[in-house]
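Student: Hi! Could you walk me through this one with me asking questions as we go?
Tutor: Happy to. Let's put it on screen.

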Amino acid sequence: MMSTAAMRKKAGKQIKKNHAQLFREANRYLVGGVNSPVRSFRSVGGDPVFVKQGKGSTVYAEDGRTFIDYCCSWGALILGHSHAKIIRAIAEAIKRGTSYGMPTALETELAQLLVEAIPSMEQVRLTNSGTEAVMGAIRVARAYTGKNKIIKFEGSYHGHADYLLVKAGSGASTLGIPDSLGVPDDFTKHTLVVPYNDSEKVKETVQKYSNDIAAIIVEPVAGNTGLVLPANKFLSGLRKICDDHHILLIFDEVITGFRLTYGGAQNYFNVKPDMTTLGKIIGGGMPMGAFGGRKDIMKVLSPMGGAYQAGTLSGNPIAVTAGITALKCLMRLKPYPSLAAKTEKLCKGIEKAATGSGIKISINSIGSMFTVFFTDEKVTDYATACRQNVPLFRKFYHGLLKRNIYFAPSAFETNFLSAVHTEQDMKKTIQATQGAFQAIAND
Ligand SMILES: *Cc1c(COP(=O)(O)O)cnc(C)c1O
């Protein structure tokens, strides 16, 4: 295997392309120059980094620069970029074909790994994305309960299905108003939105619509508002409300599954949902999602029951191979305690750097996830996240980028560490934050 230094040298020798120019070209043919909006740097300004290659904790950009990466494909790459075992497994699998549209034993193997890791899921279905997994879970919940409405939390992201692109009106739980053009009001009228961590509001909403609520869907650790942790008893409180009212509790563990611990947030917090959705890590960097739950719930799914869900490429052998390999590596490595220790150390370093420059920040972190908010408030929900100083975040962001550190390009996202981020990476990152904070202070 080539050393990082050798790879850096090689990447540097190849023809360098300016990112502004690449972005202009991309914009000619791709809407906004990207295939997923946040990648465009709209929320931080400037030109996105165009990646040529990734290895370990490092991405190699088209302009010859390298970055220590804390986006890690939005959390999917918990083992780092181009993990040797995953790459080898994919290369072997691809020799046998890329897709069959017929069952494979590999799919059973991945499903078994998922079920053994997350016992609340007795049976699963594999999909191609987290969005599809959530859509499937909600359809099953509605079919199983015979009810229509769902409760979601303000600022939570569950993929881009019409009825999930809904945010709340100021504080109050309201009947959903779509967040996106192209979504008819009628499509979101069954989506009720409540502030994260507000158990009282959940109770009120359930009282009001109790006989028509099929499911409460929650990110057990909110990762899409910037990182927000569940308040003490919030998740167990949801469990109780659901039990009392014949409502299914769905944990959207697309981020937290195999991230917080091997068994996900439900294992970490010891609260058992009725259904779980997965994505990101379980594909080992390939497109993949899954949803599952108790057998008696999942049997409403076609071909066993009347709730239809399907996918031409679902259970794709290459993606499944990557997923199996990633999960087996995680099972063997048990990286969670060391990931948490590294993250804590990094966050302490960042905090100290901010204090040293007289900048007020508030960091939320858990396991290998963290967000730096530019506020002196503790961020406990979407509303507090929204009160942060976004212009300062932008300056900080570009200060880091200039110093070869890549954070997720929005003030409302979570950063991730991988098992292969090194002590040296941490040191460089903390130094870079010192520089970035000082630059803000000197402004
Ligand atoms: C990323 C994400 C999704 C959507 O997954 P895609 O694979 O992007 O469709 C759903 N829920 C949560 C919590 C996510 O973070």
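Tutor: Let's begin with Thr 131, which counts as buried because its relative accessibility is 13%, under the 20% cut-off. Keep in mind that this is a predicted model.

Student: Okay, and where is Thr 131 found?
Tutor: Thr 131 sits in helix 5, which covers residues 130-145.

Student: Which residues is Thr 131 in contact with, leaving aside neighbours within four places in sequence?
Tutor: Those are His 158, Gly 159, His 160 and Ala 161. Thr 131 is also one of the residues around the ligand, and so are His 158 and Gly 159.

Student: Ah, the ligand! Which other residues are around the ligand?
Tutor: Besides those, you'll find Ser 129, Gly 130, Tyr 157, Glu 219, Asn 224, Asp 252, Val 254, Ile 255 and Lys 280.

Student: How do the residues of that shell divide into nonpolar, polar and charged?
Tutor: Three are nonpolar, six are polar and three are charged.

Student: What lies 2.7 Å from a nitrogen atom of the ligand?
Tutor: That is a polar side-chain atom of Asp 252. On the oxygen side, a polar side-chain atom of Asn 224 lies 3.2 Å from an oxygen atom of the ligand. Gly 130 takes part through its backbone, with a polar atom 2.8 Å from a ligand oxygen.

Student: How much of the ligand's accessible area does the protein cover?
Tutor: The protein covers 83% of it, where the ligand on its own has 380 Å².

Student: Switching topic: is Ile 213 buried or exposed?
Tutor: Ile 213 is buried, because its relative accessible area is 0%. You'll find Ile 213 in strand 10, residues 213-218.

Student: What does Ile 213 touch, not counting residues up to four places away in sequence?
Tutor: Ile 213 touches Lys 147, Lys 149, Ile 151, Leu 192, Thr 205, Val 206, His 246 and Ile 247. For a sense of the chain path, Leu 248 is 35 residues from Ile 213 along the chain, and their C-alpha atoms are separated by 8.7 Å.

Student: Now helix 3. Which of its residues are buried?
Tutor: In helix 3, residues 84-94, the buried ones are Ile 86, Ala 89, Ile 90 and Ala 93. Looking down the helix axis, they fall within an arc of 100°, so they line one face of helix 3.

Student: Why do residues three or four places apart point the same way?
Tutor: Because an α-helix has 3.6 residues a turn.

Student: And what covers the buried residues of helix 3?
Tutor: The cover includes helix 10, residues 317-333.

Student: Let's do backbone oddities. Where is there a cis peptide bond?
Tutor: A cis peptide bond joins Ser 302 and Pro 303, with omega about 10°. Pro 303 is in the loop between helix 9 (295-298) and helix 10.

Student: Which residues other than glycine have a positive phi?
Tutor: Two to look at are Ser 73, with phi near 50°, and Asn 270, with phi near 60°. Ser 73 is in the loop between strand 3 (66-69) and helix 3, while Asn 270 is in the loop between helix 8 (264-269) and strand 12 (275-278).

Student: How do Ser 73 and Asn 270 count, buried or exposed?
Tutor: Ser 73 counts as partly exposed, because its relative accessibility is 39%. Asn 270 is exposed, with a relative accessible area of 69%.

Key
Residues are numbered from 1 along each chain as its sequence is written. This is a predicted model: local features need pLDDT of at least 70, side-chain atom pairs count only at pLDDT 80 or more; totals for chains, interfaces and linings use all residues. Side-chain values use heavy atoms; hydrogens and water are left out. Helices (H or I, at least four residues) and strands (E, at least two) are DSSP runs, numbered from the N terminus. Buried means under 20% relative accessible area, exposed over 50%, partly exposed in between (1.4 Å probe, protein chains only). Contact means heavy atoms within 4.5 Å. A residue is near a molecule or strand if one of its heavy atoms lies within 4 Å of it. A polar contact is a pair of N or O atoms within 3.5 Å; within protein, one must be able to donate a hydrogen and the other to accept it, and residues adjacent in sequence count only if both atoms are side-chain atoms. Accessible areas come from the Shrake-Rupley method with a 1.4 Å probe; for residues, only the protein chains shown count as cover. Ala, Val, Leu, Ile, Met, Phe, Trp, Tyr, Cys and Pro count as nonpolar, Asp, Glu, Lys and Arg as charged, and the others, Gly among them, as polar. The arc is that of the directions from the helix axis to the C-beta atoms.
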